[in-house]
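The following exercises concern a single protein chain. Each task is followed by a solution that proceeds step by step.

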Amino acid sequence: MHPFSREIEIEEVELRRVGMRLVHPFETSFGRFLEEEHLLVILKGKGEEGYGEAPLHKAPLFSHEDTETAWHVLGDILLPRVAGKRFRRAEDVLEAGRGIRGHQTAKAALEFAFHDLQARLDGEPLWKHYGGSRRRIPVGVALGVEPSIQALLDQVERFVEEGYKRIKIKIRKGWDLAPVSAVRERFPGIQFTVDANAAYTLEDLPLFKELDRFDLGYIEQPLAWDDLLDHAKLQAEISTPVCLDESVDSPRAARAALELKSCKVLNLKPTRVGGGLASLEIHDLCRRAGVPVWCGGRLETGIGRLHNVALATLPGFSLPGDLSASARYYKEDLVDPPVTVEDGWVTPPSGPGLGHEVKKDLLERVTLAKRLYRGGKEVAQ
Ligand code: MG
């Protein structure tokens, strides 16, 4: 980050709830999604705007947060504390969350908006702002639970042909060995991984031992969403690397996971861990421990997606990330141009901040509710 960034007065803050329809229903072990409601934080100062996104579900399924809790935490607590104040560093903005336990995604949306605003005012792309260096990032795709093995194979074939560097499929009880063996048999050479979204327990050890036969890059979050200990026990029993996702929601949890040897790979979702600074800290911890990380996704619009792309330029993000093209999830994305993937690579934009324009007309059309803050308080519109 630019060490001499100027002090920025946050003249106005907007909180928006936006409704976006996915192009293809996305099914995991905890639910099936078609309509997403995410929150956007927009910080305004010195004639620029910075954008952050809280990509949450309408119910607390992936974590304890949902759209409604973040609407409250951001709208009633965090945003009044930053509107009208002056900040030099993202660390100081995060002070607004002092005393608020958890709610990492709400905090991340605020912090991200500040990073974007700061990078725009400094005239540098967000990836440079974070100290990233990679000029292109390998991209993998995550496929939900499909209606049939054939439908799954058709999807895999499509994305392999499009050049995606890794195929990940969601598994759950009753949809595990059969799809894994079918995909591996049909595509013997691909980088192939599975994500269980916490659908299993240690009693399923025989299944995980069987999965060792399929040369999987990793098994993501096989056990409980808040567990580290059983994952360490599982990792000691199987050769396939365990990758943690839900269980690591802070740098502290990352440190515990590394010391306990609960995983050999980490899915680093910046909004899950509290934002850019927490992501940098976890990235560095994992790098020192020799644990590769990759950037996960939460069905973000282009705004959250571009924040992820910027962080994924850091050197420790050495495995393909879930940074699919906008068109994979949304017919029309909030950013122009949309995020694209060329032959399995995404290129971080070179413009300041996020590097793509936000489509203001579309943003108005998809806004379901809006709150506005000036001078330390919410103002009527
Ligand atoms: Mg996952």
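**Exercise 1. Determine which residues of helix α6 are buried, and identify the elements against which they pack.**

Step 1. Within helix α6 (residues 177-186), the buried residues are Pro179, Val180, Ala182, Val183 and Arg184. Buried denotes under 20% relative accessible area, exposed over 50%, and partly exposed in between (1.4 Å probe, protein chains only). Helices (H or I, at least four residues) and strands (E, at least two) are DSSP runs, numbered from the N terminus.

Step 2. These buried residues of α6 pack against α5 (149-161), β8, β9 and α7 (205-211). Contact here means heavy atoms within 4.5 Å.

Conventions. The model is predicted, so local features require pLDDT of at least 70 and side-chain atom pairs pLDDT 80 or more, whereas totals for chains, interfaces and linings use all residues. Residues are numbered from 1 along each chain as its sequence is written, and side-chain values use heavy atoms, with hydrogens and water left out.

**Exercise 2. Identify the protein donors of the magnesium ion and describe their placement along the chain.**

Step 1. The protein donors are Asp195 (OD), Glu220 (OE) and Asp245 (OD), at 2.1 to 2.3 Å from the magnesium ion. Donors are N, O and S atoms within 2.8 Å of the metal (3.2 Å for Na, K and Ca); water is not among the atoms, so sites may look incomplete.

Step 2. Along the chain, the donors follow the spacing D-x24-E-x24-D. Asp195 belongs to strand β9 (residues 192-195) and Glu220 to strand β10 (residues 219-220), so this pair ties together parts that are 25 residues apart in sequence.

Step 3. Both Asp195 and Glu220 are buried.

**Exercise 3. Describe the domain assignment and locate the largest nonpolar core with respect to the domains.**

Step 1. The chain is assigned domain 1 (8-127 + 358-379) and domain 2 (128-353); such bounds come from an automatic or database domain assignment.

Step 2. Taken over C-alpha atoms, the centres of domain 1 and domain 2 are separated by 23 Å. In all, 47 residues of domain 1 are in contact with 57 residues of domain 2.

Step 3. The largest nonpolar core comprises 121 residues, and Val41, Leu43, Leu74 and Leu110 have the most contacts inside it. A nonpolar core is a set of buried Ala, Val, Leu, Ile, Met, Phe, Trp, Tyr and Cys residues joined through side-chain atoms within 4.5 Å. Helix α3 (residues 104-122) gives the most to this core, with ten residues. Domain 1 and domain 2 both give residues to the core, so it lies between them.

Step 4. With neighbours within four places in sequence left aside, the contacts of Val41 include Val13, Leu15, Tyr51, Leu74, Leu79, Ala109, Leu110 and Ala113.

**Exercise 4. State the volumes of the largest pocket and the largest cavity, and name residues that line each.**

Step 1. The largest pocket holds about 390 Å³ of space. On a 1 Å grid over the protein atoms alone, a cavity is a set of points where a 1.4 Å probe fits but cannot get out; a pocket is an open set with protein on both sides within 12 Å along at least five of seven lines, and lining residues have an atom within 4 Å of a point. Grid points are joined across faces, edges and corners, and a volume is the space filled by probe spheres set on the points.

Step 2. This pocket is lined by 18 residues, of which Leu94, Gln104, Lys107, Val273 and Gly274 are the closest to its centre. At least two lining residues come from each of α2 (90-94), α3, α9 (251-260) and α10 (276-289).

Step 3. There are three cavities of 30 Å³ or more, and the largest cavity has a volume of about 260 Å³. Its lining numbers 19 residues, with Phe26, Lys269, Gly297, Arg298 and Leu299 nearest its centre. β2 (12-28) and β8 (166-170) each supply at least two residues of that lining.

**Exercise 5. Classify the loop residues Ser239, Asp333 and Val339 as buried or exposed, and give their contacts.**

Step 1. Ser239, in the loop between α8 (229-237) and β11 (242-244), counts as exposed at 53% relative accessibility. Not counting residues up to four places away in sequence, Ser239 touches Asp212 and Lys264.

Step 2. Asp333, in the loop between α12 (326-329) and β14 (335-336), counts as buried at 5% relative accessibility. Beyond four places in sequence, Asp333 touches Thr301, Gly302, Ser326, Lys359 and Leu362. The C-alpha atoms of Asp333 and Leu362 are separated by 8.4 Å, at 29 residues apart along the chain.

Step 3. Val339, in the loop between β14 and β15 (345-346), counts as buried at 3% relative accessibility. Among the residues that Val339 touches, not counting those up to four places away in sequence, are Gly302, Arg305, Ser324 and Val346.
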